[in-house]
Amino acid sequence: MSTTSRITAAALATAMGMTALAACGTSGGGSADAKTVTLVSHDSFNASKSVLAAFEKESGYKVRVLKGGDAGKAVNQAILSKGNPQGDVFFGIDNTLLSRGLDEDLFSPYEAKGLQHVPAGLQLDKARHRVTPLDYGDICVNYDRGYFARHKIAPPKTFDDLIKPRYKGLLVTENSATSSPGLAFQLATVAAYGKEGWQNYWKKLKANGVEVVDGWEQAYNQRFSGSAASKGKGDKPLVVSYASSPPAEVLGKKPAPKEAPTGVATGTCFRQIEFGGLLKGAKNEKGGKALLDFLLSRQFQEDEPLQMFVNPARADAKVPQVFTKYGATIGKPATLAPQTITKNREQWIKQWSSLVLK
């Protein structure tokens with residue numbers, strides 16, 4: 001959720017003076033030995049060096065991180081390697097993909113320490129504890145304030161705005177089949193227009209020149225004009241990202257600006273919850289359980305906001321001021337019941353692909 005705007009690990013490390021976690025070792029086979037625990041995740045996973053070191057010192061385990069592309073790709077790889085998982089713990093399966101992981105029997109049940117501090121609304125598998133909620137955020141259209149100021153156009157606020165002629169050719173989004181933010185945005189339109197109306201909406205959005213790319217990194221860091229990472233080369237002033245993306249754009253800037261250079265279209269949001277789980281067949285199950293406890297600890301949870309730009313799952317975790325000052329608070333994000341997503345997701349993705357990509 002991930003997350004929760006995700007600046008690349010390298011950019012975050014530079015801005016915060018911290019070292020990003022590095023993937024190393026072989027491509028499969030779980031942990032190398034009993035003293036190593038392997039975390040499998042998407043490319044946006046990050047934690048500060050000091051927090052990771054504290055866990056390693058306390059637990060005696062060395063953490064190995066394997067990153068597998070966008071969340072959708074990482075989940076697909078986990079499914080392909082089930083029974084002989086690449087690691088011990090998976091971080092980053094969200095509520096749009098959760099049923100796939102559960103239906104494929106990817107996870108072993110484990111009730112992580114500290115779960116009592118997580119609101120019941122985030123615990124989507126609370127009866128069996130196959131996954132643990134670790135963060136949440138809202139996926140929304142972000143806009144480049146400078147672009148709209150220069151062109152004297154009001155930025156969009158709602159889904160209906162995005163199909164207006166004034167915004168033609170300005171939006172880039174992610175592929176629903178390969179990207180969790182892309183899928184979440186599609187689901188948001190289902191929630192907004194219903195099972196019968198969302199396809200008609202996407203026909204209008206396609207006619208209005210929406211661009212589709214594989215994943216968030218490409219959409220935000222390469223195509224979006226408001227991203228510092230694009231260095232002025234992006235030409236799309238609208239992008240599907242996160243309500244917490246704006247803080248990432250002011251991180252490390254001195255003096256601190258009055259507002260972030262990017263804004264959020266608050267009427268286009270979908271609530272995303274990210275989970276972690278102990279992979280079935282993990283080589284180091286004991287280490288995996290210890291790692292899950294750590295991921296839900298206040299130490300890690302309070303590190304998350306400025307590392308991955310997500311909201312911590314724990315209600316008692318503190319959030320940095322820069323995160324709350326510049327991020328957008330979404331009062332009523334769009335949601336869909338997990339069982340509704342489970343029943344319709346694959347069909348909706350196929351319909352979306354046929355409609356938008358052809």
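## Salt bridges

The structure holds 14 salt bridges. The model is predicted. Three of the pairs are described here, followed by a network.

Arginine 145 and glutamate 259 form one such bridge, with their closest N and O atoms 3.6 Å apart. Arginine 145 belongs to helix α5 (residues 145-150), while glutamate 259 sits in the loop between α9 (245-250) and β9, so the bridge ties together parts that are 114 residues apart in sequence. Arginine 145 is partly exposed, at 28% relative accessibility. Glutamate 259 is partly exposed too, with a relative accessible area of 47%.

## Two further pairs and a network

Lysine 164 meets aspartate 161 in a salt bridge, 2.9 Å from N to O. Lysine 164 is partly exposed, with a relative accessible area of 34%. Aspartate 161 has a relative accessible area of 12% and is buried, because the cut-off for burial is under 20%.

Lysine 289 bridges to glutamate 285, and the closest N and O atoms are 3.5 Å apart. Both residues lie in helix α10 (residues 285-295), four residues apart, so about one helical turn separates them. In an α-helix, residues three or four places apart point the same way, because there are 3.6 residues a turn. Lysine 289 is partly exposed at 26% relative accessible area. Glutamate 285 is also partly exposed, at 39%. Elsewhere, shared partners link Glu211, Arg223, Asp235 and Lys236 into one salt-bridge network.

## Strand β1 and its neighbours

Strand β1 (residues 36-41) has six of its six residues buried, so the rest of the structure largely encloses it. Side chains in a regular strand alternate between the two faces of the sheet. In β1, both faces are covered. Thr36, Thr38 and Val40 are buried on one side. Val37, Leu39 and Ser41 are buried on the other.

β1 pairs in parallel with strand β2 (residues 62-67) over six bridges. Threonine 38 has arginine 64 of β2 as its bridge partner. Between the two strands, the chain passes through helix α2 (residues 49-59), and this β-α-β crossover is right-handed. β1 also runs parallel to strand β3 (residues 89-94), joined by three bridges. Here valine 40 is partnered by phenylalanine 90 of β3.

## Valine 213

Valine 213 lies in strand β7. This valine is buried, with a relative accessible area of 5%. Valine 213 and glutamate 174 are 39 residues apart along the chain, yet their C-alpha atoms are separated by 5.0 Å.

Leaving aside residues up to four places away in sequence, valine 213 touches Val172, Thr173, Glu174, Asn175, Gln218, Ala219 and Arg223. Arg223 is also one of the members of the salt-bridge network.

## The kinked helix α13

Helix α13 (residues 338-356) has a kink of about 55°, centred on asparagine 344. Asn344 is among the buried residues of α13. The others are Ile341, Arg345, Trp348, Ile349, Trp352, Ser353, Leu355 and Val356.

Several elements take part in covering these buried residues. Helices α4 (98-103) and α7 (180-207) are among them. So are strands β6 (171-174), β7 (211-213) and β9 (262-279). β7 is the strand that holds valine 213.

Terms used: Residues numbered from 1 in each chain as written. Predicted model: local features only at pLDDT ≥ 70, side-chain atom pairs only at ≥ 80, totals over all residues. Heavy atoms only, no water. Bend = angle between axes of the 7 residues up to and from the residue. Buried < 20%, exposed > 50% of the residue type's maximum accessible area, 1.4 Å probe, protein only. Contact = heavy atoms within 4.5 Å. Salt bridge = Lys/Arg side-chain N within 4 Å of Asp/Glu carboxyl O. Pairing = 2+ DSSP bridges. Right-handed = clockwise from strand over helix to strand, strands pointing away.
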